[in-house]
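Good morning, colleagues. I should like to take a few minutes on one ligand site and the metals beside it. Please look at the structure as I show it.

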Amino acid sequence: MDLIIKNGTIVNSKESRQADLYIKNGKIESIKDSWLYTEIPGTEVIDAQNMLVMPGGVDVHTHLEMPFMGTYSTDDFLTGTIAAAMGGTTSIIDYAIPKKRESLKKALEKWHKKAKSKAVIDYGFHMAIVPPIDRPLEEFEFLAESGVTSIKCFLAYKSSLMASDVDLYRILEKARKHKILVCNHAENGEIIDYLTKQLLNEGKKEPIFHAYSRPPGLEEESVSRVIKLAGMTKTPVYFVHLSSKGAIKEIKRAKKDKQKVFAETCPQYTVLSEHKYFSKNFEGAKYVMSPPLRKYKHCSSIKKGIKEGVIDVIATDHCPFNFNKEKRMGLRDFTKIPNGMPGIETRMAVMFNEMVVKQGLSPNEFVRLNCSNPAKIFGLAQKGDLKEGKDADIVIWNPDLIWKIKQEHLHENVDYTPFEDYIVTGKPVTVISRGDVIVNNGEFKAEPGRGMYISRHTSKPAYS
Ligand code: URP
Ligand code: ZN
Ligand code: ZN
């Protein structure tokens, strides 16, 4: 049914305005100062008085049903996208990860199969490039034609996913040719491997040693190296999940030098710190992810980077594993703890609270970081903006509602949230995807499989 959203404040990345929004056939038909709902018979009217009406969130970094470290992330495309929707997110881009020597075509088919009958919101895919890379390099044209216009290079996870410097250089050369954006997990995997072996030899096996095995300097070094190599090949690059002060410094410098460099962080790197690894009863394992949580001074630098526009995108890196099951694989050895944590449902609320309510970022900047920038950078032409002709992907947000995050009230398929007992201000109330109300006053109501694949365009910010 067509909709009118009345009396709300429409928030886009550049401006806010008091206006009504008319949705027809799943698209934004028009935005007017005021509608008389009697003007359009048969149209449902939603009153958004005192609410912010924002583009639905775009989370460009998720790992749903991902095979990793001997197990699978526990959210699939049904539970993961329901949780996303409940948190105000209406599009995701998930990382397809090929097995060693598997063709990218095969991997893409697998990811389509995982998502098709399950996703409740729209989704696209990035493709990871894992060594050996000769064959994957031949498939870049196929990727671009299939709407997969970004790839990922892991510079960590030696002996599984890690690309060598030569791999990276060749990937950068080829990606430029096909106008593919190269996303980088930037940590120096060789040195991490060396430090890890040292720690294990010394019998240091608790979760805190995960953090000590990958200090912030190794992120800074890797970011700097990728920037240098990308500069030589003239390839735009994107950095996922940045966590450290030094990385921000490198990105800032590259941007100042007018290099095409884009940066992402995640809520956990703004509000959680390394002290979590000292939690009793192995609870530090809940926060074992890569890169790891850092000292608070790094959280402050990340927030400064967000405010100064050094960071372009906030995503989740949602990669959940149960504390009482998968995480226990590393009870006696931190290297066996599956890396990753949940966050797909809490991203918008944690960031609204931390950056808008506490740090004074404007709601427009919030929209830019969580909705419009990710859509633009990753070629989601129909998403991320409330403009006539765009998909009607909308979140109606109560900016004043104060609530406590509790795992038992979330929809992520995992037995904890790293944000347990966080008190936040701001909550999604109603969520609309292509004109369908999929969350109505906090209640989920949509069929599995209604989400559609988004064949993505070339990134305009990267390649124009
Ligand atoms: O610890 C993490 N981040 N797990 C997911 C895989 C990745 O590196 O993004
Ligand atoms: Zn990563
Ligand atoms: Zn990730």
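**Ligand 1 and the zinc ions**

Ligand 1 is surrounded by 14 residues, of which Y157, H185, S290, D317 and N339 come nearest; a residue is counted as near if one of its heavy atoms lies within 4 Å. This is a predicted model, in which local features need pLDDT of at least 70 and side-chain atom pairs pLDDT 80 or more, while totals for chains, interfaces and linings use all residues. Residues are numbered from 1 along each chain as written, chains are lettered from A and ligands numbered from 1 in the order written, and side-chain values use heavy atoms, without hydrogens and water.

By class, the shell around ligand 1 holds 5 nonpolar, 7 polar and 2 charged residues. Here Asp, Glu, Lys and Arg count as charged, Ala, Val, Leu, Ile, Met, Phe, Trp, Tyr, Cys and Pro as nonpolar, and the others, Gly among them, as polar.

Let me turn to polar contacts, that is, pairs of N or O atoms within 3.5 Å. A nitrogen atom of ligand 1 lies 2.6 Å from a side-chain N or O atom of D317. Oxygen atoms of the ligand are 3.0 Å from a polar side-chain atom of H185 and 3.2 Å from one of H63. Of the 270 Å² that ligand 1 exposes when taken alone, the protein buries 100%, by the Shrake-Rupley method with a 1.4 Å probe.

Which residues hold the metals? The zinc ion (ligand 3) has as protein donors H61 (NE2), H63 (NE2) and D317 (OD), at 1.9 to 2.1 Å, donors being N, O and S atoms within 2.8 Å of the metal (3.2 Å for Na, K and Ca). H185 (ND1) and H241 (NE2) coordinate the zinc ion (ligand 2) at 2.1 Å. The two zinc ions, ligand 2 and ligand 3, are 3.8 Å apart. In sequence, the donor residues of ligand 3 follow the spacing H-x1-H-x253-D.

Key: A polar contact is a pair of N or O atoms within 3.5 Å; within protein, one must be able to donate a hydrogen and the other to accept it, and residues adjacent in sequence count only if both atoms are side-chain atoms.
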